[in-house]
Amino acid sequence: MKKSIDRYRVEFLEYLQNYRGYSDLTIKSYSETIKEALTFIEITQEDGKELFNLMPYRIHISKLNPKTISKKLSAIRSFVEYLNDSGKKITLKADESIKVAKTLPKPIAHKHIVEALQKAELQERVVVVMLYTLGLRISELSNLKLSDIEDGWIRVIGKGNKQRDVPLLQSTQALIDEYLSTFMIKKFLFEKDGERLSENSLRYIVTKVFKKVSLKVTPHQLRHSYASSLLNSGAPIADVSELLGHSSMATTQIYTKLGSALKQQNYNKSHPLCGVDE
């Protein structure tokens, strides 16, 4: 049974790549999780259906943090949903969700980004500026083609192959023009020997840039910084949600909580009665 399930696993990963547009990193994570889980899941027959008992696997991963466990269980649920859509009759046992505390993202202060850009080389500057002024995911940046840039706009292919158009700042357009006049680019904005630069290569560039100013920064933090800056400056949450490519505004609302937290911190620092010994 597990051998045939493993064949479906391969087909499921191809489906995620070809039809759902998942990033290489996400597909790799799904593959590793499902492969690992299948060595622990107990598969039995019950009322003409296959029963997947997740309890042995849940015990195996119980020492991981709740967020990691939640992601692994979500990957398994997606796989089982695919199996059922493919005609298999599978029921999950011990599939209870776990509570995951929502953590606020940590944006990077604008002054630190400017400081890092001053020390960056041309290609490095373009990578950081694209992430910071467009709010792109690293997978979206890696797949960005020259043909996607036109008339002051960038067409972004996001999760699930959803398209969105994001406006280019004039300064960002000027930087791209300088970059294109310096490097021989054929298809992708960031490429080497005619092939697009991988997500990991772009992550390394971001790490390298901010290391020069003694900071550890991820591409996703730059996306957070973009969203937080817009919301803190009064941009409507619906517009920001669309620019980020979120499927739901509920996902975007975490940034409004971040803005409230920052306002509270500033209030605590500034009000004359805050911090006064009683």
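**Notebook: a pocket, a sheet and some rings**

I began with the lining of the second largest pocket, and I noted that its largest share, four residues, comes from helix H5. I should record at once that what I am looking at is a predicted model. When I looked up which elements take part, I found that H5 (110-118), helix H6 (122-134), strand E6 and helix H10 (219-232) each supply at least two residues of this lining.

I then looked up the volume of the second largest pocket, and about 280 Å³ of space lies in it. There are 14 residues lining this pocket, and I wrote down the ones closest to its centre, which are Tyr-132, Thr-133, Leu-169, Tyr-226 and Leu-230. Sorting the lining by class, I counted eleven nonpolar and three polar residues, with no charged residue among them.

Since E6 had come up in the pocket lining, I went on to its sheet. The sheet is open and has three strands in the order E4-E5-E6, with antiparallel pairing. Strand E4 (149-150) and strand E6 (163-167) stand at the edges with a single partner strand each, so one side of each has no neighbour in the sheet. As a reminder to myself, strands of a sheet pair through backbone hydrogen bonds, and this can be parallel or antiparallel. Between strand E5 (residues 153-157) and E6 I found five bridges, and these two strands run antiparallel. To follow one residue across, I looked up Ile-154, and its bridge partner in E6 is Val-166.

My next entry concerns aromatic rings, for which a search of the whole structure finds nine pairs. In the pair of Tyr-22 and Tyr-30, the ring centres are 5.9 Å apart and the planes stand at 80°, which is over the 60 degrees needed, so I call the pair edge-to-face. Tyr-22 is partly exposed at 23% relative accessibility, whereas Tyr-30 is buried at 13%. Both belong to one aromatic cluster, which also includes Phe-12, Tyr-15, Tyr-19, Phe-79 and Tyr-82.

I also looked up Phe-40 and Tyr-57, whose aromatic pair is tilted, with 6.2 Å centre to centre and 40° between the planes. Phe-40 lies in the loop between helix H2 (24-38) and strand E1 (42-46) while Tyr-57 lies in helix H3 (residues 55-60), so the pair ties together parts that are 17 residues apart in sequence. Phe-40 is partly exposed, with a relative accessible area of 30%, but Tyr-57 is buried, with a value of 0%.

My last look-up was Arg-7, which lies over the face of Tyr-8, at 4.8 Å from the ring centre.

Notes:
Residues are numbered from 1 along each chain as its sequence is written. This is a predicted model: local features need pLDDT of at least 70, side-chain atom pairs count only at pLDDT 80 or more; totals for chains, interfaces and linings use all residues. Side-chain values use heavy atoms; hydrogens and water are left out. Two strands pair if DSSP finds at least two bridges between them. On a 1 Å grid over the protein atoms alone, a cavity is a set of points where a 1.4 Å probe fits but cannot get out, and a pocket is an open set with protein on both sides within 12 Å along at least five of seven lines; lining residues have an atom within 4 Å of a point. Grid points are joined across faces, edges and corners, and a volume is the space filled by probe spheres set on the points. Ala, Val, Leu, Ile, Met, Phe, Trp, Tyr, Cys and Pro count as nonpolar, Asp, Glu, Lys and Arg as charged, and the others, Gly among them, as polar. Rings of Phe, Tyr and Trp (its six-membered ring) pair if their centres lie within 6.5 Å; planes under 30 degrees apart count as stacked, over 60 as edge-to-face and the rest as tilted. Buried means under 20% relative accessible area, exposed over 50%, partly exposed in between (1.4 Å probe, protein chains only). A charge sits over a ring if NZ of Lys or CZ of Arg is within 6 Å of the ring centre and within 35 degrees of the ring normal.
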